[in-house]
Amino acid sequence: MRVPAPSVVMRPVQYDSFGEPIAQASSEDHAASRIAIRSGVGLFWVIVIVIVAARAAYFNPAFAETFTSVASLAAYLKAVVGV
């Protein structure tokens, strides 16, 4: 009785835009990469939620009025300079 040899599947070599071969990653690299990506995405969204919540909690409606005074000052300076 003959035991068949295990078949090894070779991936085609991939090249980057400069013609250099790209190193093939192992399955452990993919798992670590997936974990890093998921934790990074989760951290990003936690930071987004914290920033939006802080802006909502500390919102000052009077702050928007300062922009109108700056805009009127800029308009006045344009009229004085003649631009």
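Let's start with Phe44. At 47% relative accessibility, Phe44 counts as partly exposed. Keep in mind that this is a predicted model. Why partly exposed and not exposed? Because exposed needs over 50% relative accessible area, and Phe44 has 47%.

Its neighbour in sequence comes next. Trp45 has a relative accessibility of 49%, so Trp45 is also partly exposed.

How many aromatic pairs does the structure hold? One. Phe44 and Trp45 form that pair. In general, two numbers describe a pair of aromatic rings: the distance of the centres and the angle of the planes. Here the centres are 5.0 Å apart. The planes stand at 75 degrees. Edge-to-face means over 60 degrees, so this pair is edge-to-face.

Now the overall picture. The protein chain has two helices and zero strands. It has 83 residues, and 0% of them count as buried. The chain exposes about 8,100 Å². Carbon and sulfur atoms supply 70% of that area.

On to the helices. Helix H1 covers residues 27–57. Helix H2 covers residues 63–81.

How does the span of H2 compare with what its residues should give? H2 has 19 residues. At 1.5 Å a residue, they should span 27 Å. The end C-alpha atoms of H2 are 28 Å apart, which agrees.

Stay with H2 for a moment. Val81 is found in this helix. Is Val81 buried or exposed? Val81 is exposed, with a relative accessible area of 59%. Val81 also helps make a nonpolar surface patch. The other members are Leu73, Tyr76, Leu77 and Val80. The patch measures about 530 Å².

What comes just after H2? Gly82, with a positive phi of about 90 degrees.

Last stop: the segment before helix H1. Ala23 has its place there. Ala23 has 70% relative accessibility, so Ala23 counts as exposed. Val13 lies ten residues away from Ala23 along the chain. How far apart are their C-alpha atoms? They are separated by 8.4 Å.

To recap: two helices, zero strands, one aromatic pair, and a nonpolar surface patch that includes Val81.

Conventions. Residues numbered from 1 in each chain as written. Predicted model: local features only at pLDDT ≥ 70, side-chain atom pairs only at ≥ 80, totals over all residues. Heavy atoms only, no water. Phe/Tyr/Trp six-rings, centres within 6.5 Å; stacked < 30°, edge-to-face > 60°. Buried < 20%, exposed > 50% of the residue type's maximum accessible area, 1.4 Å probe, protein only. Patch = residues over 30% accessible without salt bridge, like charges linked within 9 Å, V, L, I, M, F, W, Y side chains within 5 Å. Areas by Shrake-Rupley, 256 points an atom, 1.4 Å probe, with all protein chains shown as cover. Salt bridge = Lys/Arg side-chain N within 4 Å of Asp/Glu carboxyl O. Helix = DSSP H or I, 4+ residues; strand = E, 2+ residues; numbered from the N terminus. Expected span 1.5 Å × (residues − 1).
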